[in-house]
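Let's take a friendly walk through this protein, starting from the inside and working outwards. Keep the picture at hand as you read.

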Amino acid sequence: MSEFYALLTDVGAAKARAAALVSSSMKIYEFAVCDSETDPVATQTTLLNEVYRGGITDGEITDDGTAMIVESYIPSDLDTEVYPDAFTVRNLGLYDTDDDLVVIAKVPPTYKSNLGGGAAVDLRTRVIFTIENSESITLQIDPLTIFATREYVDGQLNALRSEKIANLYRTGT
């Protein structure tokens, strides 16, 4: 196995199989991170020493339909009353609407500072996991944490510029 990896938990695999059998879907809606140094295993039902939980910001199924990519975001301005200390992200989990841990991942250790320490950074995470039936999993994106990449914004601006230039040639104004 690779040094960093993601896998369906036993609960997640069972729910995905059950959803596929009845043409339904398991709904993933939340992510959490922990600073535990243990290696994730499929039998886990919780993250050890969870330090943050939030909504999913984006996700997609790969073109060949064999993997799902889920993105999440931890903002720089965490409430220091709730999160008084900085932490190191080592594992990431995805939870469904029943609050079951359905995917667990070991990620590169990433230090997450907070404003209480005098400086803070936004942290964007991405986890990729294999799936057998992409129709059996649905992502519920948190509309309050949408994250636009620079590439996306630049593309939108270029499209607007092109449209404006085209209008100038058509109308002369």
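In this predicted model, the largest nonpolar core has 29 residues, and the members that touch the most others are Phe 31, Val 33, Tyr 52, Ile 74, Phe 87, Leu 94 and Phe 129. Many parts of the chain contribute: strand S1 (5-8), helix H1 (10-21), strand S2 (26-34), strand S3 (50-61), strand S4 (67-74), strand S5 (87-96), strand S6 (101-112) and strand S7 (123-130) each give at least two residues to this core. A second core, separate from this one, has eight residues, including Cys 34, Leu 47, Tyr 95 and Leu 101. As background, nonpolar side chains in soluble globular proteins tend to be buried together.

Which residues does Val 33 touch, if we leave out those up to four places away in sequence? The list is Leu 47, Glu 50, Val 51, Tyr 52, Ile 74, Phe 87, Val 89, Asn 91 and Leu 92. Tyr 52, Ile 74 and Phe 87 also appear among the core members with the most contacts to other members.

Now try a polar residue. Is Ser 72, a residue of strand S4, buried or exposed? Its relative accessible area is 2%, so Ser 72 counts as buried. Not counting neighbours within four places in sequence, Ser 72 is in contact with Phe 31, Gly 55, Thr 57, Leu 92, Leu 123, Arg 124 and Thr 125.

**The overall plan**

Stepping back, we find two helices and eight strands. Along the sequence they follow the pattern β-α-β-β-β-β-β-β-β-α. The C-alpha atoms fill a box of roughly 65 × 50 × 30 Å along the principal axes. Of the 173 residues, 39% are buried. If you take the contacts between residues at least 6 apart in sequence, 70% of them join residues at least 24 apart.

**Charged pairs**

How many salt bridges does the protein have? The count comes to ten. Here are three of them, with the N to O distance for each.

| Salt bridge | Distance (N to O) |
|---|---|
| Lys 15 and Asp 100 | 2.6 Å |
| Arg 53 and Glu 30 | 3.1 Å |
| Glu 37 and Arg 90 | 3.8 Å |

Take the pair of Lys 15 and Asp 100. Lys 15 is in helix H1 and Asp 100 is in the loop between S5 and S6, so this bridge ties together parts that are 85 residues apart in sequence. Asp 100 is partly exposed, at 27% relative accessibility. The pair also belongs to a network of salt bridges that links Lys 15, Asp 96, Asp 98 and Asp 100.

Next come Arg 53 and Glu 30. Arg 53 sits in strand S3 and Glu 30 in strand S2, so their bridge ties together parts 23 residues apart in sequence. Arg 53 is partly exposed, with a relative accessible area of 25%, while Glu 30 is buried at 16%.

The third pair is Glu 37 and Arg 90. Glu 37 belongs to the loop between S2 and S3 and Arg 90 to strand S5, which puts the partners 53 residues apart in the chain. Glu 37 is exposed, with a relative accessible area of 66%, whereas Arg 90 is partly exposed at 21%.

**Loops and surface**

Two loop residues have a positive phi without being glycine. Asn 49, with phi near 60 degrees, is in the loop between S2 and S3. Asp 99, with phi near 65 degrees, is in the loop between S5 and S6 and is partly exposed at 41% relative accessibility.

On the outside, the protein exposes about 10200 Å², and carbon and sulfur atoms supply 52% of that area. Which residues form a nonpolar patch on the surface? They are Tyr 152, Val 153, Leu 157 and Leu 160, and together they have about 380 Å² of accessible area. Val 153 lies in helix H2 (residues 150-171) and is partly exposed, with a relative accessible area of 35%.

**How confident is the prediction?**

The average pLDDT is 85, and 91% of the residues score at least 70. Among the elements, S5 has the highest mean pLDDT (95), and strand S8 (residues 137-139) the lowest (72). Where pLDDT is low, predicted coordinates should not be read in detail.

Definitions and conventions: Residues numbered from 1 in each chain as written. Predicted model: local features only at pLDDT ≥ 70, side-chain atom pairs only at ≥ 80, totals over all residues. Heavy atoms only, no water. Core = buried A, V, L, I, M, F, W, Y, C linked by side-chain atoms within 4.5 Å. Buried < 20%, exposed > 50% of the residue type's maximum accessible area, 1.4 Å probe, protein only. Helix = DSSP H or I, 4+ residues; strand = E, 2+ residues; numbered from the N terminus. Contact = heavy atoms within 4.5 Å. pLDDT = per-residue confidence, 0-100. Patch = residues over 30% accessible without salt bridge, like charges linked within 9 Å, V, L, I, M, F, W, Y side chains within 5 Å. Areas by Shrake-Rupley, 256 points an atom, 1.4 Å probe, with all protein chains shown as cover. Salt bridge = Lys/Arg side-chain N within 4 Å of Asp/Glu carboxyl O.
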